[in-house]
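Student: Got a minute to go through this one with me? I'd like to start with how the helices pack.
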Amino acid sequence: MNLQSMLSSLVAFRSVVGTHNGALVDYIRDFLATQGVESVVVGGPEGDRFNLFATIGPPDVPGYILSGHLDVVPANEPAWEGDPFRLREVEGRLVGRGAVDMKGFVAAVLSAVPDLVAMNLTRPIHIALSYDEEAGCRGVPHLIAKLPTLCAPPLGCIVGEPSGLVPVLRHKGKAALRIVAAGKSGHSSRPDLGRNAIHAILPALAAMADEAEAQRVGGPSDSHFAPPYSTIQIGRISGGEALNIIPDRAEAEIEARAIAGVDPLALLEPALRIVAADDALSAEIVASYPGLAIGEDHPLAELVSDLSGNKPLAAVSYGTEAGLYQAAGVPAIVCGPGDISRAHKPEEYITVQELRAAAEMVLRLGRRLTAGQSRPRAVGTG
Ligand SMILES: [Zn+2]
C-alpha cells in the first residue's frame, strides 16, 4: 500500500485521545499480518484501548524501536474546511487530524514494512504504537513494562513526533496534578457552622506559587531549555457558587515542567505534603512523564543524524514518550516528519515530501541493519 493511502486509512479512524482504539489497532495488525509480521497487543486498564508492538527481523538480538502514538487530539474546531477524519490533498498538503501528530510518521513506518521485510535484517526493527499519549503518555508505560518479554534490550528508540526530521536531544518532563477541597456549605454570615473549601485549598496553591518562584530563582538550570529552569503553574481553579454561600467544593489543576534530571513529580511535593496533612484535601496525579536528555555524541544521536541527514537540535519545548523509554533504560531520541506548530490545530497537515523523507529515513535504518546484499524498492507515495 502506498504511503498516502496508508495515511488516509489511518486518519479515517477517529482515534481521539481518551476513547477506544481497537478498530485502528486491528487494522494495523491485519496489515502487518499480510506482510508476515506478527504483532503483540498490549492493553491498558481501561479495557478498550491498546498499544501494538511488532518486530521485523530477529527478536533476540538488540535492535531499534520506531515509536508513534495512535491517538489524536479532538477536532471540533470550526475552522476545519472539511471532515477532519477524511484526508484531503490541498496543493501538496495532506490535511486531516493526526496528519502531522503523528499518523504521518506511523504511515511512513508501516508503508516501509514490505521493504524492511525483504531486507533480511540482521538486527530487528520494532514498531511500537501507543494510545492516549495526548493525555500525558498514559498508554505507553504498559507497553514499556512488557518490553523485556517482547525483545532483547533495544539499542535505541526513535520517537517520530514532528521535528522537521531533525533529531531532538532534549525536552522537559511534565506532571499534572488535580487538587480537590471538600467543605461544608452554609450561609456566609455563619462561617463557624460550615467549612470553606476555597480557604482549604489556598495553602497548597500558595506552596506551588512559592515553589515556582524558588525554581526560577534558585533551582537547577540547564541552558538548553527555554526557560532554563523547571516551571510550575496553576492553570485552572474553580469553586464557589455565590458570595454569600460558603463554598463546599474547590478544585485546582497544576502543571510542573521539569528540566531533564529533575523529577517532575518532585516539583509538586510541597502541595502534596499539605494535601496529605489536611483531610479536607485530596489530590490526583493526572499525568506524568520524565524529561529527555541524550548527548550529541551518543551513538543513537549520531545514527539518527546520519539517517535523517540533519544535525541534532539541543532541545524542544514539547514533551514526548522518549523520556519514558530513556527512563526504562532504552536510549531515545525524537525525530519525525513535519512541523510541530501545525499540531493540535484545524487544517493540520503534512506534505507528501515530508512523508516520503520519513519513509526514506526508515528504509535507511533498515539498510544499516542488513548484511548489505538487498536492494529495497523505493517506497511508493502515489
Ligand atoms: Zn504527538
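Tutor: Sure. This is a predicted model. Take H3 and H10: their axes cross at roughly 45 degrees and come within 8 Å.

Student: What do we call H3 and H10 relative to each other, parallel or oblique?
Tutor: Oblique, because angles under 35 degrees count as roughly parallel. The crossing of H3 and H10 is right-handed.

Student: Which residues of H3 and H10 make the contact?
Tutor: From H3, they include Phe 105, Ala 108, Val 109 and Leu 116. From H10, Leu 355, Ala 358, Met 361 and Val 362 are among them.

Student: And by class, what does the contact of H3 with H10 have?
Tutor: Eleven nonpolar residues, two polar and one charged.

Student: What about H8 and H10, at what angle do they pack?
Tutor: About 120 degrees, with the axes 9 Å apart. H8 and H10 are therefore oblique to each other. Their crossing is right-handed.

Student: Which residues in H8 meet H10?
Tutor: Leu 303, Asp 306, Leu 307 and Ser 308. On the H10 side, they meet Met 361, Arg 364, Leu 365 and Arg 368. That contact divides into four nonpolar, one polar and three charged residues.

Student: New topic. What coordinates the zinc ion?
Tutor: His 69 through NE2, Asp 101 through OD, and Glu 161 through two OE entries, at 1.8 to 2.5 Å.

Student: Why is the arrangement around the zinc ion irregular?
Tutor: The four donor atoms subtend angles of 54 to 139 degrees, which makes the arrangement irregular.

Student: How are the donor residues spaced in sequence?
Tutor: H-x31-D-x59-E. His 69 is in strand E3 and Asp 101 in helix H3, so the pair ties together parts 32 residues apart in sequence.

Notes:
Residues numbered from 1 in each chain as written. Predicted model: local features only at pLDDT ≥ 70, side-chain atom pairs only at ≥ 80, totals over all residues. Heavy atoms only, no water. Axes fitted to C-alpha atoms, helices over the stretch in contact; angles between N-to-C directions. Helix = DSSP H or I, 4+ residues; strand = E, 2+ residues; numbered from the N terminus. Parallel < 35°, antiparallel > 145°, perpendicular 65-115°, else oblique. Left-handed = near helix turned anticlockwise from the far one by under 90°. Contact = heavy atoms within 4.5 Å. Nonpolar A, V, L, I, M, F, W, Y, C, P; charged D, E, K, R; others polar. Donors = N, O, S within 2.8 Å, 3.2 Å for Na, K, Ca; no water. Tetrahedral: all angles 85-135°; square planar, octahedral: opposite > 155°, others 65-115°.
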